[in-house]
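Q: I'd like a close look at one part of this model, with the surroundings filled in afterwards. Keep it relaxed, but stick to what the coordinates and the record give.

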Amino acid sequence: MIKTDILIIGAGPTGLFAVFEAGLLKLKCHLIDALPQPGGQCSEIYPKKPIYDIPGFPEVLAGDLTTNLLEQCKQFEPGFTLGERAETIEKQKDGSFIVTTNKGTKHQAPVVAIAGGLGSFEPRKPLIDNISSFEGNGVEYFIKDPEMYRNKRVVISGGGDSALDWSIFLSDIASEVTLIHRRNEFRGALDSVDKVQELKNLGKINLVTPAEVINIVGHHEVEAVVVAQSKNIEKEFEIECDHFIPLFGLSPKLGPIGNWGLEIEKNAIVVNNALDYQTNIPGIFAIGDVNIYPGKLKLILCGFHEATLMCQAAYQIINPGKKYVLKYTTVSGVNGFDGTRKEAPKQVIKAID
Amino acid sequence: MEQDITIKITDREGVTHKVLAPTDMAMNLMEVVRSYELAPEGTIGICGGMAMCASCQCYVVSDTELPEMQDDEEAMLSEAFYVKGNSRLGCQIHITKELEGLEVELAPES
């Protein structure tokens, strides 16, 4: 059982900033995210795109914003359960909550803050009739442990960054890498495209374009994929392989959180925005893009504000009746849970002769 | 308003809506769909309009002349599902006077 003060569901910008604000109040946080890395949409969908409306940053890349937020909160030592989706919540007699993930990891906290954005990202599965029967038996939509592909024959399909980057990465591990895409053109960072070209020329990646995987062959486990070589040419053939990895991006789904008894409106969680962004269940808050209230704007900067107010309310729940006054970081500095201290340099007081 | 145009949008349930879309607010078709709430929030415009998710894919039914497809839209559509010859990404279609009478059908959610 992982125990913490505030259990944050969603490790996007709002969840990460909540760690910092909670830390100032000496509250410890643990984050759960379905993605294998923190940053939410900022790292999954558009890490290389600029954002222009973060106060104080005329321009910042979404990936850099994530890096900065992780740096800003690191002295408060947040815990992470990544690559797992929060599945169930149970209220305990002492008022705390136990949240269990799809992998069975249990977390307990007196306060739960849902910072889930548009929901947990689920892979977009290609429209292949028998694909679900091979999931976990050679079909994977995420690459969690590259080592499982060592000396295996791998077919990757997709035309974006992840298809390119994983083809490159696995070309050193797998015995055979085939990349299949519906077009000759790829949508990815230029250096990735160049690298795949180079590996293709070296014979380390088999490139099959324009083509599409239309079927999977095998008894219980993937043995081959059936490939159609473009719509115009009537040509189908099989490629023998041990793994088929379709990488067609992810789409967010509110998922199990929708069944937690929270008031939902327009795929978002209704909160009290006049006070503390608490939901209809006391002790459960919703901050950032996942919540809704009159006038709601789905902006990162609004999520930061909501996270800050949520932490104040969490402090009251965790330390009932305890006095607290707002402190400015410039005045009080930042005392990390790791023993570090950041503070403003002392004013120089010196006579002028 | 005279700068508004009329377009017809068939939602994912098959219901056709005739809506007014402003041409002076730098809006695109995906945003028009969202502003009239013709598809549930969270199922359209997920990437915000960067041609990076295809959640706003639609089929163009009228013979309205549309701006030519750019590379990023074409590339994204080549990774999307349920793609047809008349597929476009709503976020890449900017509302201009020339689009008066446009008729589109939202592609299924995927």
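Which residues does UniProt list for "binding site" in chain A, and what surrounds them?

A: Bear in mind that this is a predicted model. The UniProt entry, which is unreviewed, lists Thr14(A), Asp33(A), Gln41(A), Tyr46(A), Ala86(A), Phe121(A), Asp289(A) and Thr330(A) under "binding site". These positions span 317 residues of sequence, and they are spread out in space too, with C-alpha atoms up to 37.6 Å apart.

Two of the listed residues are worth zooming in on. Take Asp33(A), which sits in strand β3 (residues 29-33) of chain A. Asp33(A) has 28 other C-beta atoms within 10 Å, so it counts as buried. Setting aside neighbours within four places in sequence, Asp33(A) is in contact with Gly10(A), Ala11(A), Pro38(A) and Leu82(A).

Now for Asp289(A), found in the loop between β22 (284-286) and β23 (291-292) of chain A. Asp289(A) is buried because 29 other C-beta atoms lie within 10 Å. Leaving out residues up to four places away in sequence, Asp289(A) touches Gly117(A), Leu118(A), Lys298(A) and Gly303(A).

Gly10(A), which we just met as a contact of Asp33(A), also turns up among the contacts of Ile114(A). With residues up to four places away in sequence not counted, Ile114(A) touches Ile9(A), Gly10(A), Ile257(A), Ile269(A), Ile284(A), Phe285(A), Ala286(A) and Val290(A). Ile114(A) belongs to the largest nonpolar core, which has 50 residues; the members that touch the most others are Ile6(A), Ala18(A), Val112(A), Ala113(A) and Ile114(A). The element giving the most to this core is helix α6 (residues 300-318) of chain A, with seven residues. Another core, of 32 residues, lies apart from it and includes Met30(B), Cys56(B), Val104(B) and Ala107(B).

Stepping back a little, chain A is divided into domain 1 (2-121 + 251-342) and domain 2 (131-248). Taken over C-alpha atoms, the centres of domain 1 and domain 2 of chain A are 36 Å apart.

For a look at the other domain, try helix α4 (residues 161-170) of chain A, where Leu164(A) is placed. Leu164(A) counts as buried because it has 26 C-beta neighbours inside 10 Å. Neighbours within four places in sequence aside, the contacts of Leu164(A) are Phe186(A), Gly188(A), Ser192(A), Val193(A) and Val196(A). Leu164(A) has company: the buried residues of α4(A) also include Ser162(A), Ala163(A), Trp166(A), Ser167(A) and Leu170(A). Their cover includes β12 (153-157), β13 (176-180), α5 (190-201) and β18 (243-246) of chain A. For a sense of distance, the C-alpha atoms of Leu164(A) and Leu61(A) are separated by 21 Å, with their positions 103 residues apart along the chain.

There's also a backbone detail to check in chain A. Thr209(A) and Pro210(A) are joined by a cis peptide bond, with omega about -20°. Pro210(A) is in the loop between β14 (206-208) and β15 (212-217) of chain A.

Then there's the partner chain. Chain B has two helices and five strands, and from the N terminus on they run β-β-α-β-α-β-β. The radius of gyration of chain B is 13 Å, close to the 13 Å from the globule rule for 110 residues, so chain B is as compact as a globular protein of that length. Along the principal axes, its C-alpha atoms fill a box of roughly 40 × 30 × 25 Å. Of the 110 residues in chain B, 36% are buried. Among chain B contacts between residues at least 6 apart in sequence, 62% join residues at least 24 apart.

Two residues of chain B have a positive phi without being glycine: Ala26(B), near 50°, and Tyr82(B), near 55°. Ala26(B) is in the loop between β2 (16-22) and α1 (29-35) of chain B, and it counts as exposed because it has 9 C-beta neighbours inside 10 Å. Tyr82(B) is in the loop between α2 (71-77) and β4 (87-89) of chain B; with 13 C-beta neighbours inside 10 Å, Tyr82(B) counts as partly exposed.

Finally, the two chains meet in a contact made by 23 residues from chain A and 16 residues from chain B. On the chain B side, that breaks down into nine nonpolar, four polar and three charged residues.

Technical notes. Residues are numbered from 1 along each chain as its sequence is written. Chains are lettered from A and ligands numbered from 1 in the order in which they are written. This is a predicted model: local features need pLDDT of at least 70, side-chain atom pairs count only at pLDDT 80 or more; totals for chains, interfaces and linings use all residues. Two residues are in contact if their C-beta atoms, placed from the backbone, lie within 7 Å. Ala, Val, Leu, Ile, Met, Phe, Trp, Tyr, Cys and Pro count as nonpolar, Asp, Glu, Lys and Arg as charged, and the others, Gly among them, as polar. Helices (H or I, at least four residues) and strands (E, at least two) are DSSP runs, numbered from the N terminus. A residue is buried if 20 or more other C-beta atoms lie within 10 Å of its own, exposed if 12 or fewer, and partly exposed in between; C-beta atoms are placed from the backbone. Domain bounds come from an automatic or database domain assignment. The radius of gyration is taken over C-alpha atoms; the globule rule is 2.2 Å times the number of residues to the power 0.38. UniProt positions are given in the numbering used here, feature names are shortened, and annotations may be inferred rather than shown by experiment. A nonpolar core is a set of buried Ala, Val, Leu, Ile, Met, Phe, Trp, Tyr and Cys residues joined through C-beta atoms within 7 Å.
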